[in-house]
Amino acid sequence: MTPTTSDQIRAAGTLLALLTAFADLPAADICLRQPDPSADTGWGVRVDIHAGLAHFEQWREALAVPTETIDHRETTHLAWLRTTAEFAGVPVELIGYYTPNREAEQ
């Protein structure tokens, strides 16, 4: 069966609820994400933060994500923190990107 936009309605409602509940958080790139084919989680929300780790931390605290659930990845020129939370019964993937050396200097 071909997925339709009606499959995204629940995640879209959660996106709106996030924006409403956390209107004072730093702006981020927010989108609906496709479901993980290996898991039956349905559509979710993805929050990408490109403005530094302080903004990631504000979102993490707002979503009450435990620090031990954060995955850290790093290459020579880019690093990121990634975690998944649940908000209103919908998975929310939170990713914070940063340049390793630049963040260490701040």
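The following exchange between a trainee and a mentor concerns a predicted model.

Trainee: In what order do the 5 strands stand in the open sheet?

Mentor: The pairing in this open sheet is mixed, and neighbouring strands are turned by 20 degrees against each other on average, with direction ignored. Read across the sheet, the order of the 5 strands is E1-E2-E5-E4-E3.

Trainee: Which strands stand at the edges of the sheet?

Mentor: A strand at the edge has a single partner strand, so one side of it is left without a neighbour in the sheet. This applies to the strand of residues 29–33 and to the strand of residues 71–74, which are E1 and E3.

Trainee: In which sense do E3 and E4 pair, parallel or antiparallel?

Mentor: Strands of a sheet pair through backbone hydrogen bonds, and either sense is possible. Between E3 and E4 there are 4 bridges, and Asp-71 stands opposite Arg-82 in E4. The sense of the pairing between E3 and E4 is antiparallel.

Trainee: Which strands does helix H2 touch where it packs on the sheet?

Mentor: Helix H2 covers residues 53–62, and its direction makes about 160 degrees with that of E5. Helix H1 also packs on the sheet, and its direction makes about 155 degrees with that of E1. The strands that H2 touches are E1, E2, E4 and E5.

Trainee: Is Thr-14 buried or exposed?

Mentor: Thr-14 has its place in helix H1, which spans residues 9–21. Not counting residues up to four places away in sequence, Thr-14 touches Val-45, Phe-87, Ala-88 and Val-90. With a relative accessible area of 3%, which falls under the 20% limit, Thr-14 is buried.

Trainee: How many residues of the largest nonpolar core come from E4?

Mentor: In soluble globular proteins, nonpolar side chains tend to be buried together. Here the largest nonpolar core has 18 residues, and Leu-18, Val-47, Trp-59, Leu-63, Val-92 and Leu-94 have the most contacts inside it. H1, E2, H2, E4 and E5 each supply at least two residues of this core, and the largest share, which comes from E4, is 4 residues.

Trainee: With which residues is Trp-59 in contact, leaving aside its neighbours within four places in sequence?

Mentor: Trp-59 is among the residues with the most contacts inside the largest nonpolar core, a group that also includes Leu-18, Val-47 and Leu-94. Leaving aside its neighbours within four places in sequence, Trp-59 is in contact with Leu-18, Leu-25, Pro-26, Ala-28, Ile-30, Val-47, Ile-49 and Leu-94.

Trainee: What separation lies between the C-alpha atoms of Leu-81 and Ile-95?

Mentor: Leu-81 lies in strand E4 and is buried, at a relative accessible area of 15%. Not counting residues up to four places away in sequence, the residues that Leu-81 touches include Leu-53, Phe-56, Ile-70 and Ile-95. Although Leu-81 and Ile-95 are 14 residues apart along the chain, their C-alpha atoms are separated by 5.5 Å.

Trainee: Which side chain does a polar contact of 3.0 Å join to that of Thr-83?

Mentor: Thr-83 lies in strand E4 and counts as buried, at 1% relative accessibility. Leaving aside its neighbours within four places in sequence, Thr-83 is in contact with residues including Phe-56, Val-65, Thr-69 and Val-92. The side chain joined to that of Thr-83 by the polar contact of 3.0 Å belongs to Thr-69.

Trainee: How many residues apart in sequence are the parts that Arg-82 and Glu-93 tie together?

Mentor: The side chains of Arg-82 and Glu-93 meet in a salt bridge at 2.6 Å, N to O. Arg-82 lies in strand E4, residues 79–87, and Glu-93 in strand E5, residues 90–98, so the pair ties together parts of the chain at some distance in sequence, namely 11 residues apart.

Trainee: Which residue forms a salt bridge with Asp-71?

Mentor: Side chains of opposite charge can pair when their charged atoms come close. Asp-71 is partly exposed, with a relative accessible area of 29%, and the closest N and O atoms of its salt bridge are 3.0 Å apart. The partner is partly exposed, with a relative accessible area of 46%, and is Arg-73.

Trainee: Of Asp-48 and Arg-46, whose side chains meet in a salt bridge, what is the relative accessible area of Asp-48?

Mentor: The structure holds 4 salt bridges, and the one between Asp-48 and Arg-46 has an N to O distance of 3.0 Å. Arg-46 counts as partly exposed at 26% relative accessibility, whereas Asp-48 is buried, with a relative accessible area of 11%.

Conventions
Residues are numbered from 1 along each chain as its sequence is written. This is a predicted model: local features need pLDDT of at least 70, side-chain atom pairs count only at pLDDT 80 or more; totals for chains, interfaces and linings use all residues. Side-chain values use heavy atoms; hydrogens and water are left out. Buried means under 20% relative accessible area, exposed over 50%, partly exposed in between (1.4 Å probe, protein chains only). Contact means heavy atoms within 4.5 Å. Two strands pair if DSSP finds at least two bridges between them. Axes are lines fitted to C-alpha atoms, for helices over the stretch in contact, and angles run from 0 to 180 degrees between N-to-C directions. A polar contact is a pair of N or O atoms within 3.5 Å; within protein, one must be able to donate a hydrogen and the other to accept it, and residues adjacent in sequence count only if both atoms are side-chain atoms. A nonpolar core is a set of buried Ala, Val, Leu, Ile, Met, Phe, Trp, Tyr and Cys residues joined through side-chain atoms within 4.5 Å.
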